[in-house]
Amino acid sequence: MTIKTNFILACEQAFLTAGSGNLNLIGVFNNITSDRFPFTYPRFDLVVNFDVDTLGAHTLETRITDHDNQEIVRSSLPTKVTTNNFQVIAHFENLSFTKPGRYHVNLTLDGVFAGQQTLTVTHAIKHKVNIA
């Protein structure tokens, strides 16, 4: 099987327009900031678009790891590929990040590498504001 990944995007929300099937992306990001760790990111969508030469039933696996390659989440999504260009929207909820760093979103389709996206998680320093 040959896979060409066109894009992998993380965003606050992704959905298809009824009727036209147009992709709508709200709040695309690569960086997440928190003022404390560990913290839980409430919800995000991962959108993957790729070209594949094998139609039919497949399994898309998403594995998110930290910079030490420790897995923080793994999901498997059965998919039915009906056209050579295929798109998936996967929802993630309550994902916990234990520390700042680079987190890697790795994708495979039936065990074949399909792509990787990096999310950078940074520590924001709160500043005290003194009002006189």
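# Briefing: an all-strand predicted chain

P38 sits in the loop between β3 and β4. A cis peptide bond joins this proline to F37. The model is predicted. The chain has 0 helices and 9 strands. Those strands form two open sheets, one of 4 strands and one of 5 strands. The points below take the chain as a whole, then each sheet, then selected residues.

**The chain as a whole**

- Along the sequence, the pattern reads β-β-β-β-β-β-β-β-β.
- The C-alpha atoms fill a box of roughly 65 × 35 × 20 Å, taken along the principal axes.
- The chain has 132 residues, and 33% of them count as buried.
- Among contacts with a separation of 6 or more, 66% join residues 24 or more positions apart.
- The chain exposes about 7,800 Å². Carbon and sulfur atoms supply 51% of that area.
- There are 10 positive and 11 negative side chains. The centres of these two sets lie 7 Å apart.

**The four-stranded sheet**

- This open sheet runs in the order β2-β1-β4-β7. Its pairing is antiparallel.
- The edge strands are β2, residues 23–29, and β7, residues 85–97. Each of them pairs on one side only.
- Neighbouring strands here are turned by 45 degrees against each other on average, direction ignored.
- β1 covers residues 3–16 and β4 covers residues 39–52. These two strands pair in the antiparallel sense over 8 bridges.
- Within that pairing, T5 has F50 of β4 as its bridge partner.
- β1 also pairs with β2, again in the antiparallel sense, over 6 bridges.
- In this second pairing, A10 is bridged to F29 of β2.
- β1 and β2 make a hairpin, with 6 residues between them. In the turn, G19 has a positive phi of about 90 degrees.

**The five-stranded sheet**

- The order in this open sheet is β3-β9-β8-β5-β6. Its pairing is mixed.
- β3 (31–34) and β6 (71–81) are the edge strands. Each has a pairing partner on one side only.
- From one strand to the next, the twist averages 20 degrees.
- β5 spans residues 56–65, and β8 spans residues 101–109. They pair in the antiparallel sense over 6 bridges.
- One of the links between these strands joins E61 to its bridge partner in β8, T108.

**V73, a residue on an edge strand**

- V73 lies in strand β6, an edge strand of the five-stranded sheet.
- V73 has a relative accessible area of 22%, so it counts as partly exposed. The cut-off for buried is under 20%.
- Beyond its neighbours within four places in sequence, V73 is in contact with T62, R63, I64, F92 and L95.
- T62, R63 and I64 fall within the residue range of β5.
- F92 and L95 fall within the range of β7, a strand of the four-stranded sheet.
- L95 is 22 residues from V73 along the chain. Their C-alpha atoms are separated by 7.8 Å.

**Backbone features in the loops**

- Most residues other than glycine have a negative phi, and most peptide bonds are trans. The residues below depart from one or the other of these patterns.
- The peptide bond between F37 and P38 is cis, with omega at about -5 degrees.
- N69 has a phi near 65 degrees, a positive value in a residue other than glycine.
- N69 is placed in the loop between β5 and β6. This residue is partly exposed, because its relative accessible area is 48%, and exposed would require over 50%.
- D110 also has a positive phi, near 55 degrees, and is not a glycine.
- D110 is found in the loop between β8 and β9, the latter covering residues 112–123. At 40% relative accessibility, D110 counts as partly exposed.

Key
Residues are numbered from 1 along each chain as its sequence is written. This is a predicted model: local features need pLDDT of at least 70, side-chain atom pairs count only at pLDDT 80 or more; totals for chains, interfaces and linings use all residues. Side-chain values use heavy atoms; hydrogens and water are left out. Two strands pair if DSSP finds at least two bridges between them. Axes are lines fitted to C-alpha atoms, for helices over the stretch in contact, and angles run from 0 to 180 degrees between N-to-C directions. Buried means under 20% relative accessible area, exposed over 50%, partly exposed in between (1.4 Å probe, protein chains only). Contact means heavy atoms within 4.5 Å. Accessible areas come from the Shrake-Rupley method with a 1.4 Å probe; for residues, only the protein chains shown count as cover. Lys and Arg count as positive and Asp and Glu as negative; His and the chain ends are not counted. The place of a charge is taken as NZ of Lys, CZ of Arg, CG of Asp or CD of Glu.
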